[in-house]
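Hello,

Here is the structure we talked about handing over. My notes on it follow below; please read them alongside the model.

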Amino acid sequence: MKYILCLVVIIMCIVSIAYANPKNEELVVTASKKCIPELIQQLDSPDHNVRIEAVEALVDIGAEVIPELIEALRIFGLTYVDGPPDVLIEIGPASIPALIEALDSNDKELRSSAAYILGEFGDDAKESIHSLIKIVNNDPYNTARFHAAQSLGGIGITNEEVISALIKALKDQEISVRSGAASSLGDFGSAAKTAVPALIESMIYEGEHEEAAKALGKIGPAAKDAVPVLILALMDKNQGISVRREAATALGGIGKEAIASVDPLVKIVTDAREDWSLRSCAMSSLVKIAPENPNVLSALIYILKSKRG
């Protein structure tokens, strides 16, 4: 309750100045700036509504709050929704230079948080790519490497330097980093076709089946060399059901180049003992790969009758 009261006092202070001097915006801005430390403290409130009000007030003040938000990020990190990250994102690209600078911080949580937030700006944050690559391939903190790998995908610049860094990250000792790298390569679609051998290797040797399979499907027909390993993942009942679903979906993403998977997919569709969601994914992929194949049409009829029954 005390948080709400503090925030009300702050807002009343600003509003009273505004009404007393309706044409004097400078006074309102000055009053707002004086409230910055208190508003930032409100970002740590357990009350969601208080945090929302604080975010809106700080965004209204604008870029001048960025240095104090970076310091708050060091303290609060990514703890709360509607915290410092949201304010920095709402303020917009003006936040980017300070976030890039934060990537060089000695504070691992600040580096990690900054890496995460930069990915939210899309290609506006392209200037951060070199710093993010440095984090992905060299930072000692696992979470920082993970966030940096994911943000490279969010920024979406698909040059050779980025793709090479993510390919290297597929061999990271930490599974979350390998997963983030595979996810970003998938976000690049066919532009990441040079990563196909590394993604195949990741599925076989690194145990990163789910995200690697998903990425191969997003790369599309250029990932045709992955068809055999995806079929193995599809048919391996020792794999988790989510991995098998992703393998089935990926084969559909590769399309007609995955013609060798028709019989295994048909087998999945027509086996009533298999998980229904897996059978559904397999059927969707068959329609993409070989819609006119008689076995595919028979499987479609079979699954429709099964569903109806």
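I start with one helix pair, H17 and H18, which cross in a left-handed sense. The model is a predicted one, so please keep that in mind for what follows.

The axes of H17 (residues 262–269) and H18 lie 8 Å apart, and the angle between the two helices is about 145°. On the H17 side, the residues in contact are Val 262, Leu 265, Val 266, Ile 268 and Val 269; they meet Leu 278, Arg 279, Ala 282, Met 283, Ser 285, Leu 286 and Ile 289 of H18. Sorted by class, this contact comprises 10 nonpolar residues, 1 polar and 1 charged.

H18 itself covers residues 276–289, 14 in number, and spans 20 Å from first to last C-alpha, close to the 20 Å expected at 1.5 Å a residue. Its buried residues are Leu 278, Arg 279, Cys 281, Ala 282, Met 283, Ser 285, Leu 286 and Ile 289. As background, residues three or four places apart in an α-helix point the same way, because there are 3.6 residues a turn.

For the protein overall, the count is 19 helices and 0 strands. Of its 309 residues, 49% are buried. Among contacts with a separation of 6 or more, 66% join residues 24 or more positions apart.

On confidence, the average pLDDT is 87, and 87% of the residues score at least 70. Two stretches stay under 50: residues 1–5, with 6 contacts beyond four places in sequence, and residues 15–29, for which the model also has 6 such contacts.

Regards

Technical notes. Residues are numbered from 1 along each chain as its sequence is written. This is a predicted model: local features need pLDDT of at least 70, side-chain atom pairs count only at pLDDT 80 or more; totals for chains, interfaces and linings use all residues. Side-chain values use heavy atoms; hydrogens and water are left out. pLDDT is the predictor's confidence in each residue, from 0 to 100. Contact means heavy atoms within 4.5 Å. Helices (H or I, at least four residues) and strands (E, at least two) are DSSP runs, numbered from the N terminus. The expected span of a helix is 1.5 Å times one less than its number of residues. Buried means under 20% relative accessible area, exposed over 50%, partly exposed in between (1.4 Å probe, protein chains only). Axes are lines fitted to C-alpha atoms, for helices over the stretch in contact, and angles run from 0 to 180 degrees between N-to-C directions. A crossing is left-handed if the near helix is turned anticlockwise from the far one by less than a right angle, and right-handed if clockwise. Ala, Val, Leu, Ile, Met, Phe, Trp, Tyr, Cys and Pro count as nonpolar, Asp, Glu, Lys and Arg as charged, and the others, Gly among them, as polar.
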